[in-house]
Amino acid sequence: AVLVGVAPDYDLAVLKIDAPADKLVPIAVAASHALEVGEPVYAIGNPFGLDTTLSAGLVSALGRTITSMTGRKIHDVIQTDAAINPGNSGGPLLSASGALVGVNTAILSPSGAYAGIGFAVPSDTVSRVVPQLIEKGRVTRAGLGVRLLPDHVTARSGVEGVAIYAVDERTLAARAGLEGIGVNRRGELIFGDVIQAVDGVAVVTIEDLQALLDPRRPGEQARLTVTRDGRRRDVVLTLIEEE
C-alpha cells in the first residue's frame with residue numbers, strides 16, 4: 001500500500017492498496033448521526049495480532065469527546081461496549097446491516113486492555129475527512145482568519161468568552177473590523193473583540209469554538225456575536241480555509 005494522506009487530529013489515514021480493482025469491494029457507509037444508544041454494533045480488527053477478529057456490542061453513548069494523538073479534541077465520538085483492544089484501531093465499527101458507522105480508535109482502560117469502554121470516530125467525520133485526504137493529502141478546516149488568546153489568560157483577566165489575540169491581515173475578519181488585544185503603558189492587556197457565540201450558540205472556551213467550526217466548510221458563513229468595551233454586536237464572516 002501507498003500512504004495517500006494523514007489526519008492525526010482525527011486519528012485517520014488513507015492508504016491506496018496495490019491490488020486489482022475487482023478484488024476491492026467498498027463498504028457501505030451509513031450516517032452516524034442517525035445512530036441511537038442501544039443499537040447493536042460490531043467491531044472488526046486485529047486485537048493483539050489476532051487478525052480479522054469480530055466482536056459485538058451496543059452503542060453505549062453518543063456525542064463523546066476524546067483527545068487525539070496531537071492533543072486536539074475529536075467530537076461526536078461513538079462509545080461502544082464492543083470489545084476493542086490494541087490492534088483494533090483503524091478497523092470498522094459496523095451497524096447490524098454491515099454498514100460502516102465508525103472507525104475504531106481508542107479505549108478507556110486502566111490496564112490497557114478491554115474494559116467495556118471503546119471509542120470510534122463517527123462515519124460522518126470520516127466522510128468529511130477522507131475526501132480531503134484523497135484530494136490534498138491533508139485536511140483543511142474552516143477558520144475565521146484570527147488567532148485566539150489562550151483560555152487561561154482570558155479567564156485570569158476575568159473575561160468571559162474567547163478573546164481574539166490578533167487578526168490576520170487582508171482577511172474578511174480584518175475587513176469586518178475585528179480587533180485583537182493591545183497592551184497599555186503599564187503592560188496590562190487591553191482586550192479587543194471577545195467572541196461570545198457562533199450562530200447563537202454560546203462559546204466559553206477555544207474548544208467550544210473549534211467544535212462549532214469543525215463541521216463547517218470554507219466558503220460557508222458564520223454569525224459571530226462579539227463584545228468590545230461592553231458593546232455587543234453581530235459580525236457575519238465567510239469562513240476561510242486554514243490548515
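Reader: Is R223 buried or exposed, or somewhere in between?

Author: Burial is read from relative accessible area: under 20% is buried, over 50% is exposed, and partly exposed is in between (1.4 Å probe, protein chains only). R223 has a relative accessible area of 32%, so R223 is partly exposed. Keep in mind that this is a predicted model, where local features need pLDDT of at least 70 and side-chain atom pairs count only at pLDDT 80 or more, while totals for chains, interfaces and linings use all residues. Residues are numbered from 1 along each chain as its sequence is written, and side-chain values use heavy atoms, with hydrogens and water left out.

Reader: Which side chain does R223 meet in a salt bridge?

Author: Side chains of opposite charge can pair when their charged atoms come close. The cut-off for a salt bridge is a side-chain nitrogen of Lys or Arg within 4 Å of a carboxyl oxygen of Asp or Glu. Here R223 meets D234, at 3.4 Å from N to O. R223 sits in strand 16 and D234 in strand 17 (residues 231–238), 11 residues apart; strands are DSSP runs of E, at least two residues, numbered from the N terminus. D234 is partly exposed too, at 45%.

Reader: What about R228, which residue forms a salt bridge with R228?

Author: That's D193, with the closest N and O atoms 2.9 Å apart. R228 lies in strand 16 and D193 in the loop between strands 13 and 14, so the pair ties together parts that are 35 residues apart in sequence. R228 is buried at 19%, and D193 is buried at 1%.

Reader: How many salt bridges does a search of the whole structure find?

Author: The search finds 12. D9, R128, R141 and D214 are linked in a network of them.

Key
Helix = DSSP H or I, 4+ residues; strand = E, 2+ residues; numbered from the N terminus.
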